[in-house]
Amino acid sequence: MRVRGAQSSGGPQNLNPKSAPQILDPTSAPQILDPKSAPQIWTPIPGPKILHLKSAQQILDPKPEPQTAPSTLRGPQSPLSPIVTLSGMAKNGAEAEIDEGLYSRQLYVLGHEAMKRMQTSNVLVSGLRGLGVEVAKNLVLGGVKSVTLHDPHPAAWADLASQFYLREEDVGRSRAEATLPRLAELNSYVAVSSTREPLSKELLGTFQVVVLTNSPLEEQLWVGDFCHDHGIKLVVADTRGLFGQLFCDFGDDMVVTDPNGEQPLSAMVSMVTKGCPGEVTCLDEARHGFETGDFVTFTEVEGMEELNRCGPVEIRPYTFSIGDTSGYGDYVRGGIVTQVKMPKHIHFKRLREALAEPEMMVTDFGKAERPSMLHWAWQGLHRFLRQHGRAPRPRHQGDAAEVVALTKEVAAGAELDEELVRELAFQATGDLAPVNAFIGGLAAQEVMKAVSGKFTPITQWLYFDALECLPEENRDTLLTEEQCRPRNSRYDGQIAVFGAELQAKLGAQKYFVVGAGAIGCELLKNFAMVGLGCGPEGSVTVTDMDTIEKSNLNRQFLFRPWDVTKLKSERAAAAAQEMNPALRVSSRTDRVGPDTERVYDDDFFEGLDGVANALDNVDARLYMDRRCVYYRKPLLESGTLGTKGNVQVVIPFLSESYSSSQDPPEKAIPICTLKNFPNAIEHTLQWARDEFEGLFKQPAENPLEVLEAVQRSLVSDRPRAWPDCVAWACRHWHRQYSNNIRQLLHNFPPGQKTNSGTLFWSGPKRCPHPLVFDPDNPLHLDYVVAAANLFAQSYGIAGSRDRAAVAELLRHVRVPPFAPKAGVRIHVSDQELQSANAALGTACGAHMDPTWGFCGTFRLGFGAISQTLNPFFCVPQSKLIAGKIIPAIATTTAAVVGLACLELFKLVQGHRRLSSYKNAFLNLALPFRGFGYYEVEWTLWDRFEVQGLQPDGQEMTLRQFLAYFKKEHRLEITMLSQGVSMLYSFFMPAAKLRERHDQPMTEIVTRVSKKKLGRHVKALVFELCCNDDSDADIEVPYVRYTIR
């Protein structure tokens, strides 16, 4: 897709010759900048570049790259030429390869083509308060060509409520110029500049996208007309307290090349009828998943070859019809049908028209009527701003009444929700970091859609509110004009919404952030902005055991290139404290888990007010969820996967926990399919894993295999020198890619038919073809080099990277000619394999866990080449699957964490209505945003609290423990356990029962478990089996038995 108005320069061109950019030069004498001067451009030198795996050759022959210095300012250069770094690589908008080491996770979201389009796009962001800086931050991280900052206003104290790149010493300075250097540090590939010019047609004409934030309606209208007429994409965003607004105009005919970003579906064909229409039948093993209106193409169809040459064909419902096939040849067998993403054309109205005839997206179906109300209310608010030159004062009844009256003029004859309009007026000066994070993440994603054509844009209005964050009761009493008045504080934007009392509560909170990755960085930024843990009694603790890598810099925005190899938690804590020096944050590097319960002990958890998870694996999430349930602490749980994200809030005694529901397990791949009949990329990847594990890592599973492995290792395959290793690798190549396939074809020839008369090689069984070894083929040679070096390492023999020498050795290797073996049985299904194993008395071993633990260049090379030799291999998709890589992009992270921190406001206020809390689900690609309300109560928070120490200072014995439950709860304990230790059961021998009855509970635990209780242990957890008065077995909660 061609982007209109693209410039060839390193940054946006200004048509006014007086506004040529100035480059800041630290080596020259201090400059006094003319207030009328044009943009400044700040260009940091990139940090060290990390080699990205592009081919097996790079793996086997890595070459060192020059290291560059930390980020500095650059001397004067022509603004019309690309800015070049000291290493000679063109940067800041010039044509250059995509740095896959930096953008690896984002590439799996957007793809190379979309990224290339973004790298040619110049974006103007007007308005640098909290919302504008959020948009700009996400765009710089995303990798557009240039971002120009526009804001002629000076920074004020109120801006510090959410503008995380302003410092207290910046108050009075230009917002754009104060923000510029900190934004520029985020990405050395993006030219970041600022301009003091007023918005004009000449200035706007140099950009592909214009973003207006906190802009008056009159400005929006004329900018909207100009942009629509000149093919410039426009995004308008605004936030007012707990309210948000977003508008998109991407022209008369925007072309969307990929509406949803999902991998195209494919299915194997079992039959195609000849007729009008022709009907396609796919294999019965799985649903094809196509939808009405999808377009598909065909490959590998035999008989009806005309289908292989057809362009994309639209399918029809139910029968999977594809049009007239009556003139085609007769279908014989085979074929793969693949979904094709067809371009989608979308028409946008200009802003002036869309105001009168709005098309709105509903974000919360529980509030379906609110978008239209807010559409009118926002226009009424703009009329008030135009008439008074200021926003309505917080909780000022007179100003709010005037906004309601003005809104009635806009929506003449419509039935208004006056309370909603009044609330918007009350919060007009509100400025909340979480709302800015959410709307800013969405707005930045819309900009990326506009320039890349990737994903479905918002058409055209989006309105958002989070009024559930306000007090549940006595709102008018708690939120008065006095409580919400400005106090010349950095939190004035928040006090305008919630009042001063909540601000004090936020400052006294003690929170634990588990993880300092992308979500962790966003959490710390939001916590610093809202003032969480910033009071004398508050604190924030963040832990992460990982160090910073280059690929982290694309999303984890608290880190810089010079932070690579440093600890995440330490650098994230330091960066968050720079945003708000009052933040009382401490960092730790201990992982959370059973082995660190001496560190994160009872005292630690009991002193917390809540936990925020920023984890990247399910096991750690489940562990933290169990700890929060045990200690009865609220938990903010959030996660992202590309453009998808979710938020779950866990509230003690109100909601379910994270562990209450689990995703279904991954579908296992049949072993016979892996060994002999692979038909998908996932199969080849798993086969390559097994190949490596079986040769170099995993031990044999049964005695016969052990003996055979020992005989091979010590006798038949034992190498004496490096040439023996090369010979072994060559023979192994022939066995895997030639001989085994020939044996398979000997057992099942290509034309063989089954008992039912159908061809054996049909459906999911795709006929393979043996390979012929060629030492001059780079791929074949790479395999031998990698395998031979791994084999040599196993025996302590020095290997070699000399490819020419290996090729020469291969010419002297003698490979026995293949002769098919008689009597070899190849199982065609897992059922057949299991039956054979059962007859032999051996169990069919479960397939290994698909986590690929490669480390080292030869291991990576061997795995990469093994799967590449398979005809199903696909480089980008296979890397994603094999590495279990989680696609990620900064926009989703910002939006998700914004929603999570809105739930934080409710937790701190102590909301007790389940309906006030929301779980959120979003997909920025579609776009879709949904909110789930809790409707049922849960009892997982219930437990028995038992004080082990008696009033006389003695600990409770087992006899007293049993009697306590009989008296207090009318329960007869039949079994009692602690962990895996059985402490008591009704069927124990009488002598043992008599011995334990009078022992203290902790003594029994110590003796049975054979472990001493550490001094950090304040309580024990007991599990019970009980009978009630009717002698019926009932389920009961666990016991928390306090000993200190």
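This tour moves through the model one selection at a time and states what is found at each stop.

**Before selecting anything**

The model is predicted, and local features need pLDDT of at least 70, side-chain atom pairs count only at pLDDT 80 or more, and totals for chains, interfaces and linings use all residues. Residues are numbered from 1 along each chain as its sequence is written, and side-chain values use heavy atoms, with hydrogens and water left out.

**The whole protein**

Begin with the complete protein, which has 33 helices and 33 strands. Helices (H or I, at least four residues) and strands (E, at least two) are DSSP runs, numbered from the N terminus. Of the 1044 residues, 54% are buried. Buried means under 20% relative accessible area, exposed over 50%, and partly exposed in between, with a 1.4 Å probe and protein chains only. Among contacts (heavy atoms within 4.5 Å) between residues at least 6 apart in sequence, 72% join residues at least 24 apart.

**Stop 1: helix 4 and helix 30**

Select residues 130-142 for helix 4 and residues 890-909 for helix 30; their axes come within 9 Å and cross at roughly 150°. Helix 4 is therefore roughly antiparallel to helix 30. Axes are lines fitted to C-alpha atoms, for helices over the stretch in contact, and angles run from 0 to 180 degrees between N-to-C directions. Angles under 35 degrees count as roughly parallel, over 145 as roughly antiparallel, 65 to 115 as roughly perpendicular and the rest as oblique.

Now display side chains. From helix 4, Glu134, Lys137, Asn138 and Leu141 meet Ala890, Thr891 and Ala894 of helix 30. By class, this contact has 3 nonpolar, 2 polar and 2 charged residues. Ala, Val, Leu, Ile, Met, Phe, Trp, Tyr, Cys and Pro count as nonpolar, Asp, Glu, Lys and Arg as charged, and the others, Gly among them, as polar.

**Stop 2: an open sheet and a cis proline**

Next, select strands 12 to 16. These 5 strands form an open sheet in the order 13-12-16-14-15, with antiparallel pairing. Strand 13 (280-282) and strand 15 (313-314) stand at the edges with a single partner strand each, so one side of each has no neighbour in the sheet. Two strands pair if DSSP finds at least two bridges between them. Strand 14 (residues 295-299) pairs with strand 15 over 2 bridges in the antiparallel sense, and valine 296 has valine 313 in strand 15 as its bridge partner.

Then move to the loop between strand 12 (266-272) and strand 13, where proline 277 is found. A cis peptide bond joins cysteine 276 to proline 277, with omega about 5°. Cysteine 276 is exposed, at a relative accessible area of 63%.

**Stop 3: the loops on either side of strand 19**

Which residues should be selected in the loop between helix 12 (433-452) and strand 19 (461-465)? Glutamine 460 lies there, as does phenylalanine 455. Threonine 459 and glutamine 460 are joined by a cis peptide bond with omega about -20°. Phenylalanine 455 has a positive phi of about 85° although it is not a glycine, and this residue is buried, with a relative accessible area of 2%.

Continue to asparagine 474, in the loop between strand 19 and helix 13 (475-478). Asparagine 474 also has a positive phi, near 55°, and counts as exposed at 54% relative accessibility. Cysteine 469 is buried, with 0% relative accessibility. A search of the whole structure finds 0 disulfides, a disulfide being a pair of cysteine sulfur atoms within 2.5 Å.

**Stop 4: strands 29 to 33**

Finally, select strand 29 (residues 972-978), which pairs with strand 30 in the antiparallel sense over 4 bridges. Their hairpin has 2 residues between the strands, and glycine 979 takes a positive phi near 65°. Methionine 975 has serine 985 as its bridge partner in strand 30. Strand 30 (residues 981-985) has 4 of its 5 residues buried, so it is largely enclosed by the rest of the structure.

Strand 29 also pairs with strand 31 (residues 1019-1027), antiparallel over 5 bridges; there, isoleucine 973 is partnered by cysteine 1026. Cysteine 1026 stands opposite isoleucine 1034 in strand 32 as well. In the hairpin of strand 31 and strand 32, with 5 residues between the strands, aspartate 1031 takes a positive phi near 70°. Strand 31 pairs with strand 33 (residues 1039-1042) over 4 bridges, again antiparallel, and valine 1021 is matched with arginine 1040 as its bridge partner in strand 33.
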